[in-house]
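Trainee: Could you take me slowly through one part of this structure, and then show me how the rest of the picture builds up around that part? I would like to understand the reasoning as well as the result.

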Amino acid sequence: MATKPILITGVYGLVGSCAYRHLAEKPDLFDVYGMDRHREPSARVHPKELAKVPEDRFVQSDLSNIDELVKAFQGMDAVIHLAGDPNADATWESLRKNNIEGTFNVFEAAKQSGVRRIIYASSIHVSFGYYFNIEPYKSISEGRYEQVPDSFKRITTSDPTWPFFPYGASKIFGESLARMHSSQSGMSCICLRLGGVQSMDDFPQPIVPNACSRSDVSHLIELCIQAPYTLRFEIFYGLSNSDYRWVDIENAAEVLGYVPEDRIRLKD
């Protein structure tokens, strides 16, 4: 079976590094390339988990030049788009350049290059407004777990988006591009609304129940790559398990076979 050529944007970010390492460990399945605006890793990346992308498999780009991206994407089966400003309090200038214009360029270049699939890193922040304002999600967000009923409706990808910050709104823009290209460009587009991926030092004791381990996010990305191309468009929440997980990951289990290996242990 031929290997799938894969390119990861934002490869030196936290998610990019762990995804690259995971996929590169399977050379019989994947031929992995990386792209980033520089070789320096994100401050969130533990030195032991840094991606080591060979020079001949690395492309330096800030996503501003579509022609440059088209050249880099040639021959790729899938692009995993993880690049962008990950900060909830990011300025509009940064969001516009990195999360709006950069994401537009990635989708456009993928279309022109004949890429079959884009896996787009959206965020759980697209529904944080819902989370903060309505029970029982408000109690979960404030750590008042004793006030959370034993069973409650989890937010699904069919529920309306409701961002709390401009960052979340910028991710909704990317999801809209994915839906547009899935119907107009013929690409398979999968959006992952990722929870807070934990660094080596943080997991398994994060302070919130909306986190995702490095192992789980890497496995989820692999499942998206391997999904049949009849999957034209879909959105999945990407989290590890938790009693107080407030979003639904069951559609990822049904469609992709995603079952988290890790469980979030909340601090007392």
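Mentor: What follows is a close look at one helix, and then at the cores, the aromatic rings and two single residues.

Please keep in mind throughout that this is a predicted model. Let us begin with helix α1, which covers residues 14-24, and in which nine of the 11 residues are buried, so the helix is largely enclosed by the rest of the structure. The buried residues of α1 are Leu14, Val15, Gly16, Ser17, Cys18, Ala19, Tyr20, His22 and Leu23. As for what encloses them, they pack against the strands β1 (4-9), β2 (30-36), β4 (78-81), β6 (188-194) and β7 (196-197), and also against helix α7 (214-226).

The meeting of the two helices deserves a closer look. Two packed helices are described by the angle between their axes and the distance between the axes. Here α1 and α7 pack at an angle of about 65°, with their axes 9 Å apart, and α1 passes α7 in a right-handed crossing. On the α1 side the residues that take part are Val15, Cys18, Ala19, His22 and Leu23, and they meet Arg214, Val217, Ser218, His219, Ile221, Glu222 and Ile225 in α7. When you look at the spacing of such residues, remember that an α-helix has 3.6 residues a turn, so residues three or four places apart point the same way.

From the helix we can turn to the cores. In soluble globular proteins, nonpolar side chains tend to be buried together. The largest nonpolar core in this model has 56 residues, of which Ile8, Ile80, Leu192 and Trp246 touch the most other members. Leaving aside neighbours within four places in sequence, leucine 192 is in contact with Ile119, Tyr120, Ala121, Ser122, Ser123, Leu220, Ile221, Cys224 and Phe236. There is also a second, separate core of 24 residues, which includes Ala109, Tyr120, Cys189 and Phe233.

Trp246 leads us on to the aromatic rings, for the structure holds eight aromatic pairs. In one of them, phenylalanine 128 and tryptophan 246 are tilted, at 6.0 Å centre to centre and with 45° between the planes. Phenylalanine 128 lies in helix α4 (residues 128-133), whereas tryptophan 246 lies in the loop between β9 (233-238) and α8 (250-256), so this pair ties together parts that are 118 residues apart in sequence. Both of these residues are buried. Another pair, phenylalanine 164 with phenylalanine 165, is edge-to-face, at 4.9 Å centre to centre and with 85° between the planes. Phenylalanine 164 counts as partly exposed because its relative accessibility is 43%, and phenylalanine 165, at 31%, counts as partly exposed too. These four residues, together with Phe132, form one aromatic cluster.

Histidine 125, in the loop between β5 (117-123) and α4, touches Phe164 and Phe165, and also Ala88, Pro163, Tyr167 and Gly168, not counting residues up to four places away in sequence. At 15% relative accessibility, histidine 125 counts as buried.

For contrast, consider aspartate 56, in the loop between β2 and β3 (58-60), which counts as exposed at 63% relative accessibility. Aspartate 56 is 78 residues from isoleucine 134 in sequence, and the two are 50 Å apart in space, C-alpha to C-alpha.

Note on methods: Residues are numbered from 1 along each chain as its sequence is written. This is a predicted model: local features need pLDDT of at least 70, side-chain atom pairs count only at pLDDT 80 or more; totals for chains, interfaces and linings use all residues. Side-chain values use heavy atoms; hydrogens and water are left out. Buried means under 20% relative accessible area, exposed over 50%, partly exposed in between (1.4 Å probe, protein chains only). Helices (H or I, at least four residues) and strands (E, at least two) are DSSP runs, numbered from the N terminus. Contact means heavy atoms within 4.5 Å. Rings of Phe, Tyr and Trp (its six-membered ring) pair if their centres lie within 6.5 Å; planes under 30 degrees apart count as stacked, over 60 as edge-to-face and the rest as tilted. A nonpolar core is a set of buried Ala, Val, Leu, Ile, Met, Phe, Trp, Tyr and Cys residues joined through side-chain atoms within 4.5 Å. Axes are lines fitted to C-alpha atoms, for helices over the stretch in contact, and angles run from 0 to 180 degrees between N-to-C directions. A crossing is left-handed if the near helix is turned anticlockwise from the far one by less than a right angle, and right-handed if clockwise.
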